[in-house]
Amino acid sequence: MKRALSVLALFCILVAAAPPAQAGEATDTLRTAVDEVLNVLRQTRPGQPGRTEKLSTAMHRFFDPEELAKRTLANNWRNFSPEQQQRFTAAFVSLLENTYLRRIETYTDEKVVFLDESQLAENRAEVSTKIITSSKEVPIVYRLIHKSGWKVYDVVIEGVSLVQNYRQQFAQILSKESPAQLIDRVSSMAAS
């Protein structure tokens, strides 16, 4: 899981190295997000006031927090009250964001290549990419949903879905604990 989040963070700070094979709106959204994050990194220094907030704002522009949380909990989502759904979403996004922001400082000029975009449904698409490092290439697929613009709801890194990974962990916890206890756990993980 930590490796998947590390590669996710790496994507978020990279600039495209080659034109996409089949560019579409979803690909354009990701490319814009990458450019925005990269601009923040170029214009600020680690530890500079406001840098973390700017990176957080950039991240929120291309991820759909509720869709990410809902898909992570899957069928368990309906067992949460509306207030618990909001609290879980905030805690889960905070967990992902804190992990992302800690790893973003490791940027070392890796490259990302946008390969293609495919429609999964009328309002869902996948964008295939690969990150090129000095020693290997890492395939990453971004799943996006269109709700007032394209937003990421899952990332598949080397065949491992971020949503599925957390879904398994959270389902295991929810088999023994209440939604409130899971929210407390996720909040605690986000704070550490």
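A polar contact is a pair of N or O atoms within 3.5 Å; within protein, one atom must be able to donate a hydrogen and the other to accept it, and residues adjacent in sequence count only if both atoms are side-chain atoms. The structure described here is a predicted model, in which local features need pLDDT of at least 70 and side-chain atom pairs count only at pLDDT 80 or more, while totals for chains, interfaces and linings use all residues. Residues are numbered from 1 along each chain as its sequence is written, and side-chain values use heavy atoms, with hydrogens and water left out.

**Helix α4 and its ends**

Helices (H or I, at least four residues) and strands (E, at least two) are DSSP runs, numbered from the N terminus. At the start of α4, a side-chain oxygen of D64 lies within 3.3 Å of the backbone nitrogen of E66. Helix α4 itself covers residues 65-73, and its buried residues (under 20% relative accessible area, with a 1.4 Å probe and protein chains only; exposed means over 50%, partly exposed in between) are E67, L68, A69, T72 and L73. A74 follows α4 and has a positive phi, near 50 degrees. This residue belongs to the loop between α4 and α5.

**Selected residues**

The table places four residues by element and accessibility.

| Residue | Location | Relative accessibility |
|---|---|---|
| Y153 | strand β4 (residues 150-157) | 3%, buried |
| S161 | strand β5 (residues 160-161) | 13%, buried |
| Q84 | helix α5 (residues 82-103) | 16%, buried |
| E158 | loop between β4 and β5 | 35%, partly exposed |

Contact here means heavy atoms within 4.5 Å. Not counting residues up to four places away in sequence, Y153 touches E67, L68, R71, L120, R124, R143, L144, I145 and V163. With R124 the link is a side-chain to side-chain polar contact of 3.1 Å. Y153 and A69 stand 84 residues apart in sequence, yet their C-alpha atoms are 8.6 Å apart in space.

Under the same exclusion of sequence neighbours, S161 touches R143, D154, V155 and V156. The side chain of S161 also reaches the backbone nitrogen of Q164 at 3.0 Å. For Q84, the contacts beyond four places in sequence are N79, P179, A180 and I183. E158, a residue other than glycine, has a positive phi near 50 degrees.

**Helices α2 and α3**

Two packed helices are described by the angle between their axes and the distance between the axes. The axes (lines fitted to C-alpha atoms, for helices over the stretch in contact, with angles from 0 to 180 degrees between N-to-C directions) of α2 (residues 25-43) and α3 (residues 51-62) come within 9 Å and cross at roughly 180 degrees. The two helices are therefore roughly antiparallel, a term for angles over 145 degrees. On the α2 side the meeting residues are A33, E36, V37, V40 and L41, and on the α3 side R51, K54, L55, A58, R61 and F62.

**Nonpolar cores**

A nonpolar core is a set of buried Ala, Val, Leu, Ile, Met, Phe, Trp, Tyr and Cys residues joined through side-chain atoms within 4.5 Å. The largest has 26 residues, and L30, I140, L144, V152 and V155 have the most contacts inside it. At least two residues of this core come from each of α2, α3, β1 (111-121), β2 (124-132), β3 (137-146) and β4. Helix α2 supplies the largest share, seven residues. Another core, of 20 residues, lies apart from this one and includes F92, F170, I173 and A190.

Conventions. Angles under 35 degrees count as roughly parallel, over 145 as roughly antiparallel, 65 to 115 as roughly perpendicular and the rest as oblique.
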